[in-house]
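Here's a friendly walk through one protein model, looking at its charged pairs and then its nonpolar cores. Keep the structure open beside you as you read.

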Amino acid sequence: MAEKLTGTVGTVWNIAQPLAEELGLILWDVRFQKEGAEWYLRIFIDKEDGGIGIDDCVNMSHALDEPLDEADPIDRSYSLQVSSPGIERELTRDFHFTRYLGSRVIVKFIRPVNGKRVYKCTLKDYDAGLITVEFDEGGGMSFEKKEVSFVKLDDFDM
């Protein structure tokens, strides 16, 4: 089931997606966020092989300049930032979860579950917002995406 993106994020996603593909990139996420008095349009990009470099970010930023100016989807001043989602990338979109099935993740719940808020586990299944994880010591659990603060890849041994 494909996610329906609306508002500023949806408009920018629709502009950025084909540009990312033309550059051989994957549009990972789009976020329009206020921090203090400033607004930021953050575009996260990825690619299949080799990781994201500064040239990829610069090329994507330049590719976005004219289409964003023409569409003018944001009615206030903002800073555009293009970057990689990072090694401990946050999984937020449906395709993030399906892409990383079988991967180690860190899950932080909004409220404690069995006395804990943070779990390290393996992502076993994802279906329309229902996340299923498995624990190293056996067992697992399923929960709704809306129950967590975040799910991130766990690429570090801690």
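## A first charged pair

Which residue does R42 form a salt bridge with? The partner is E35, and the closest N and O atoms of the two sit 2.8 Å apart. Bear in mind as you look that this is a predicted model.

The two ends of this bridge don't have the same label for burial. R42 counts as buried because its relative accessibility is 13%, and the cut-off for buried is under 20%. E35 comes out at 42%, so this residue counts as partly exposed.

## A bridge across the chain

Now find R89, which forms a salt bridge with D46. Here the closest N and O atoms are 2.5 Å apart. This pair ties together distant parts of the chain: R89 belongs to the loop between β3 (79-83) and α3 (94-99), D46 belongs to strand β2 (residues 38-46), and 43 residues separate them.

Are these two partners buried or exposed? R89 has a relative accessibility of 9%, so R89 counts as buried. D46 is buried as well, with a relative accessible area of 5%.

## One more pair, and a network

K47 forms a salt bridge too, this time with D56, and their closest N and O atoms are 3.1 Å apart. K47 is partly exposed, with a relative accessible area of 23%, while D56 is buried at 14%. Elsewhere, D29, R31, E90 and R93 are joined into one network by salt bridges that share partners.

How many salt bridges does a search of the whole structure find? The count is 11.

## The largest nonpolar core

Time to switch from charges to nonpolar residues. The largest nonpolar core has 20 residues, and the members that touch the most others are L91, V105, V107, I131, V133, F143 and V151. Several strands chip in: β4 (104-113), β5 (116-127), β6 (130-134), β7 (140-144) and β8 (148-153) each provide at least two residues. The top contributor is β5, with four.

For a closer look, pick V133. Leaving aside residues up to four places away in sequence, V133 touches V105, V107, C121, T122, L123, K124, G140, M141 and F143.

## A second core

What else is there to find? Apart from the largest core lies another one, made up of 19 residues. Its members include W13, A16, A20 and I43, so try picking those out on your screen.

Key:
Residues are numbered from 1 along each chain as its sequence is written. This is a predicted model: local features need pLDDT of at least 70, side-chain atom pairs count only at pLDDT 80 or more; totals for chains, interfaces and linings use all residues. Side-chain values use heavy atoms; hydrogens and water are left out. A salt bridge is a side-chain nitrogen of Lys or Arg within 4 Å of a carboxyl oxygen of Asp or Glu. Buried means under 20% relative accessible area, exposed over 50%, partly exposed in between (1.4 Å probe, protein chains only). A nonpolar core is a set of buried Ala, Val, Leu, Ile, Met, Phe, Trp, Tyr and Cys residues joined through side-chain atoms within 4.5 Å. Contact means heavy atoms within 4.5 Å.
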